[in-house]
Amino acid sequence: MTLSSLTVRVLCAALLTAIGCSGPKNMTPSEPEAAKTGSEAWLVDEAALRGVDFLLDNGYSGRFAIPETFPGGVALLDADSDGDLDLYLVQAGSLDDEGARSGNRLYRNDGHGFFDVVEFSGAEDTGWGIAAATGDADGDGIIDLYVSNLGADRLFRGLGDCRFEDVTVESGLNLDGFSTGAGFADLDGDGDQDLVVLNYIIWSWAHEAECYNPQGGRDYCAPSNYAYPESDHLFENLGDLHFKDISEVSGFSDLPGTALGIAIADISGDSLPDIVVSNDRMPDRLWLNQGGLRFFDEALLRNSAIGLNGKVRAGMGVDLADLDHDDDLDQLVVHIAGEADAFLRNDGSWFSDQSAVSGVGSYSRPRTRFSANFADFDHDGRLDLMIATGRVEWKPERLSETDIYAEPNLLLRGVAPWRFEPVEQAFGPPETRIRSARGIALGDIDGDGDLDAVVSNHNERVSVLINQAPKRGESIIIDIRGSSGGPALGAVARLEVGGQNLRLDVRTTRGFASASDHRLHIGLGDAEAPRSVEVTFSNQDCEVFELEGESPFLLKPGSGLGPFSAPVVQ
Amino acid sequence: MIRADTISFVVARTGLAFIVCLCACGPGPEEPISQASTIDISEIQLQTPAILEAITEANRLVEAAPQDPNAWFELGRRLQANGLYIEAIRIYDTSLELLPSLHQANYLKAVAQRQAGQPQAAVSTLKALSEAGGTDAVMERALAGWSLDLGDLGSAETAAQRTIELESNCRGGHALLARVYIETGRLSEACTLLEPFVQRAVRHRYLDFLYATALMKDGRRDEAMKIMPGTPPAPPSWPDPYLEALTDLAAGFPAALQETRDWLNAGKLELALPRAGELYQNTPGSPAAAILYALSLRDSGRFDDALGILMDELDHRPQHPELLYQAAAVMTMAAQSTGNQAQLPAALELSEAAVEVDPGSYQTHGVRGAVLLSMGRLDKALEAFQHCAEIDPLSPAQCPTKVGNVLIMLGRVDEGLAILVEAVEQQPLEVAPTITYAVQLKANGRQQELDALMLRLRDGGSVFSDLRAMVERALASGETIEMPKFTGGASD
């Protein structure tokens with residue numbers, strides 16, 4: 001670092017401290033506001049109220065370039081180490097002129113509202129942004145940011161005081177393609193976080209195709225019109241912020257695809273994290289971790305690559321959860337309008353598609369779904385499902401006056417392990433919920449113990465959705481950290497609630513192009529609070545922690561009973 | 001050619017049914033039609049004048065004969081063909097009020113409901129149609145597939161079984177029934193159902209996939225891994241004459257492309273060439289228009305001009321698979337036409353580049369096979385045609401036929417004839433398998449089998465008469481199969 005840049009950073013830090021301590025005087029907490037307006041919606045948009053004015057420019061220019069359909073990365077992360085969640089929003093803009101782009105924004109949360117601090121933060125980026133991922137790349141316990149761009153990606157090392165340092169070049173992450181997402185995870189159990197980066201296609205204006213809707217008007221093309229699928233990348237973390245591209249030797253680049261969604265967790269039950277990649281009109285992948293950083297795709301054999309009808313699907317967002325409490329992770333991949341979701345029950349070595357019986361398809365199928373995230377919004381002990389939607393093709397029936405691609409987002413309440421029903425008053429008035437939505441990030445923004453959501457919208461203000469759902473029970477929050485103090489990505493928590501065995505994985509990369517908070521929110525419904533939790537960390541050490549005192553529970557390795565070398569309960 | 005005739009035959013037969021039913025079942029001339037109104041053009045967002053004209057014309061027909069269910073039906077079809085699904089549903093309802101037994105209207109209404117994002121309503125429409133006894137194998141197959149999508153396995157099973165009853169050699173029906181068995185855990189039944197297809201000489205990768213899936217779910221992992229295709233199968237496409245007929249009604253640029261392609265396929269070069277030239281001039285940068293114009297020039301014998309256009313486009317899009325394989329095909333045809341083999345290595349290079357860019361396409365493998373065949377490299381040509389056949393044995397490239405033909409050229413006569421027999425059984429109305437089979441039977445002195453084939457063509461009725469005449473001409477001239485011509489527009 002040069003002296004001048006160091007000076008600038010010190011000044012910025014001072015400025016941050018100065019502006020970060022007090023919010024606007026007219027700021028009001030969310031709950032009284034909701035009571036005042038008489039809103040009964042579960043999730044109420046408070047973006048304006050909380051000072052988030054970010055408008056995502058998808059770069060639409062009338063030329064229907066396919067990258068325009070994807071931007072929408074959102075990350076909720078504690079950038080200033082004060083315990084509440086700050087907000088990083090990825091910007092796209094003009095495809096031709098980087099100088100005309102406004103760049104990504106970082107909003108600091110002071111508990112009541114957000115303040116744009118990007119210009120002091122060092123996390124500025126005017127690359128053509130698509131996605132954001134969070135993790136602890138350097139193992140210092142402070143969360144770092146990876147930004148996926150059309151063009152050069154960026155790795156920002158968090159300094160813990162809302163400041164970031166661009167370490168892209170020295171880390172060896174010199175990717176320059178059409179990156180649509182990324183995820184950190186300790187894939188080899190050595191305690192540091194490796195990185196997976198998705199790629200869509202090889203694209204330039206010369207590759208752009210021309211396509212038409214059924215009425216003869218120009219429209220966005222399906223990826224099959226480009227025929228340039230791209231391999232994804234796998235980077236091994238060598239420590240000291242150095243990454244090595246092991247895409248080829250790991251087998252991970254054997255099958256190119258048109259990747260849009262990623263989830264990393266143990267699917268096969270061998271305790272090694274596997275990688276789920278959803279592809280747009282190409283088979284989805286299930287990269288099973290063979291150990292030693294070797295991966296093999298078994299999606300076709302396990303019935304998660306394509307539908308049983310033989311058709312590839314337009315795979316977008318992915319989320320995982322143990323919906324049926326059998327200690328394995330089930331999988332949801334959402335798709336374009338007209339295609340059923342791949343809502344897959346993990347039966348060990350085989351996935352059974354539950355899309356039809358879940359009740360989700362009746363509501364989701366008419367929409368183009370980008371992100372899908374499980375969360376227990378009403379604390380009834382069952383996971384609900386939030387889905388962000390927005391078209392990628394012109395349709396005659398228009399749902400918004402201002403945006404021909406806009407659709408209403410969906411919120412479905414879990415009523416049984418594989419059964420969901422729509423929440424009638426999910427998001428408030430239509431003008432705030434019918435958008436071209438993309439990424440969802442979940443986290444407790446207002447610190448009231450429930451999960452809120454941030455949703456990016458093309459060419460509209462971002463939605464900051466504060467949870468006001470009528471609660472059906474209490475909840476607890478478990479914050480599992482690694483030995484460095486950073487989020488213990490890949491750790492698995494097992495606990496018993498109301499006679500059911502719950503399994504929750506610590507992950508941040510969820511849904512589409514976005515990063516949620518790592519903390520585990522557990523609705524209790526009628527059940528009593530659990531007294532202990534068993535945690536298996538990514539190095540396979542297993543500890544049992546007593547849950548004493550008040551939630552949230554902060555769990556760190558070495559502070560529980562153990563470690564044991566294997567999970568206590570299977 | 002034969003396929004188009006088949007569609008016309010179906011449409012004509014159904015049209016006759018309309019007339020009969022109109023007398024028996026339609027409301028009287030004085031009976032008002034509830035909520036009937038034509039389409040108010042100002043209310044819908046039309047993007048091209050061509051569509052406006054198409055719908056205005058259909059509107060006029062309805063206004064002239066508001067009691068004519070076929071006029072409403074035609075309006076509905078035009079709306080649906082141009083993406084106006086909600087409007088089409090309303091218009092089909094009106095035609096069904098006038099003539100409830102208008103089964104095609106019910107079917108297309110169901111398709112429009114599905115296209116409009118109403119899958120449950122679509123299934124209800126088809127179920128009602130099925131229960132009224134008004135379906136055929138195509139409609140039952142759709143009902144089975146859509147019911148499966150919605151998780152209604154009971155209805156799916158019934159409809160799949162009815163599909164097979166109505167058309168016993170319908171692979172779509174077998175595939176759907178196998179899916180029901182897999183979903184319901186009746187894995188041995190699924191395997192039994194699929195085994196005959198998996199044992200065929202030319203296999204269908206989708207049916208292999210289903211069979212392997214059943215084995216995998218049954219815990220027979222090692223067996224499944226042997227059968228499971230290395231790459232996912234191409235999606236199955238079962239023929240649907242009702243939907244294929246709709247494509248004729250689409251207006252606008254895609255429709256203009258399709259119409260020109262159809263002219264080209266039908267040999268109407270006098271129509272295709274000027275229109276393709278016009279589309280190419282008016283839509284610079286459109287690979288679809290460039291390819292179509294190049295193919296029109298090719299069919300006019302102007303190989304150099306055709307190649308010039310394709311190579312120009314390839315300068316801008318060097319990895320466009322269709323440009324690559326079409327350029328390879330044109331070079332090969334030019335070589336065959338002039339006898340100058342010098343361009344064949346370049347054609348092979350282009351075709352191999354196409355395979356590399358798009359290995360899952362039957363076209364890329366099919367053209368590579370054809371180039372290799374022209375170069376006399378029969379073993380390699382056989383491999384390429386086998387790849388093509390595995391991807392889609394029913395594709396217009398007729399690759400199983402080519403596999404059979406090359407096997408015979410390699411002296412593996414019995415194997416080749418067995419594959420040709422299967423190809424003929426699979427697509428009895430297609431020209432290439434039957435002609436090739438007949439010619440090879442004659443060339444190999446299999447007079448008894450040839451007589452049996454000709455007898456079958458004679459006894460097959462009028463639907464086989466054109467084909468029989470073609471076979472007779474081919475036998476007289478010693479003609480064999482031609483170089484594949486691909487005019488499909490991958491870009492659109």
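## Cavities, a pocket and an interface in a two-chain model

Let us begin inside chain B, where 13 residues line the second largest cavity, and Pro393(B), Pro400(B), Glu422(B), Ala423(B) and Gln426(B) lie nearest its centre. Two elements of chain B, helix 22 (399-409) and helix 23 (413-426), each give two or more residues to this lining. Helix 23 of chain B contributes the most, with three residues. The space itself has a volume of about 100 Å³, and its lining divides by class into six nonpolar, four polar and three charged residues. Please keep in mind, as you turn the structure around, that this is a predicted model.

How does one come across such spaces at all? Rolling a probe the size of a water molecule over the atoms shows where empty space is left. Over the whole structure, the search finds seven cavities of 30 Å³ or more.

The largest cavity takes us to chain A. Its volume is about 280 Å³, and 24 residues line it. If you would like to centre your view there, pick Asp266(A), Pro273(A), Gly490(A), Val492(A) and Asp505(A), the lining residues that lie nearest the centre of the largest cavity. Four strands of chain A each supply at least two residues of this lining: strand 10 (176-185), strand 16 (259-265), strand 34 (492-497) and strand 35. By class, the lining of the largest cavity has 11 nonpolar, seven polar and six charged residues.

Strand 35 (500-505) of chain A is a handy guide to the next stop, as this strand also supplies at least two residues of the lining of the second largest pocket. That pocket has a volume of about 760 Å³. Which residues lie nearest the centre of the second largest pocket? They are Asp376(A), Leu383(A), Leu502(A), Leu504(A) and His521(A), out of a lining of 40 residues. Besides strand 35, at least two lining residues each come from strand 20 (318-321), strand 24 (369-375), strand 30 (437-443) and strand 38 (520-525) of chain A. Strand 38 of chain A gives the most to the pocket lining, with six residues. Sorted by class, the lining of this pocket holds 19 nonpolar, 10 polar and 11 charged residues.

Now step back to see how the two chains meet. Chain A brings 36 residues to the contact and chain B brings 54 residues. Between them the chains bury about 3,700 Å², with 57% of that area on carbon and sulfur atoms. How many salt bridges does the rule find across the interface of chain A and chain B? There are two. In one of them, Asp149(B) pairs with Arg365(A), and the closest N and O atoms are 3.5 Å apart. The rule also finds three residue pairs in polar contact across this interface, counting pairs with both residues at pLDDT 80 or more. On the side of chain A that touches chain B, strand 12 (211-212) and helix 5 (299-302) each supply at least two residues. The residues of that side divide into 17 nonpolar, 11 polar and eight charged.

Two spots in the backbone of chain A round off the tour. Most residues other than glycine have a negative phi, and most peptide bonds are trans. With that in mind, look at Phe64(A), a residue other than glycine whose phi has a positive value near 55°. Phe64(A) sits in the loop between strand 1 (43-45) and strand 2 (74-77) of chain A. Further along, the peptide bond from Ser551(A) to Pro552(A) is cis, with omega near 5°. Pro552(A) also belongs to a loop, the one between strand 40 (542-546) and strand 41 (553-555) of chain A.

Technical notes
Residues are numbered from 1 along each chain as its sequence is written. Chains are lettered from A and ligands numbered from 1 in the order in which they are written. This is a predicted model: local features need pLDDT of at least 70, side-chain atom pairs count only at pLDDT 80 or more; totals for chains, interfaces and linings use all residues. Side-chain values use heavy atoms; hydrogens and water are left out. Contact means heavy atoms within 4.5 Å. Buried area is the accessible area (1.4 Å probe) that two parts lose on being put together, summed over both. A salt bridge is a side-chain nitrogen of Lys or Arg within 4 Å of a carboxyl oxygen of Asp or Glu. A polar contact is a pair of N or O atoms within 3.5 Å; within protein, one must be able to donate a hydrogen and the other to accept it, and residues adjacent in sequence count only if both atoms are side-chain atoms. Ala, Val, Leu, Ile, Met, Phe, Trp, Tyr, Cys and Pro count as nonpolar, Asp, Glu, Lys and Arg as charged, and the others, Gly among them, as polar. On a 1 Å grid over the protein atoms alone, a cavity is a set of points where a 1.4 Å probe fits but cannot get out, and a pocket is an open set with protein on both sides within 12 Å along at least five of seven lines; lining residues have an atom within 4 Å of a point. Grid points are joined across faces, edges and corners, and a volume is the space filled by probe spheres set on the points.
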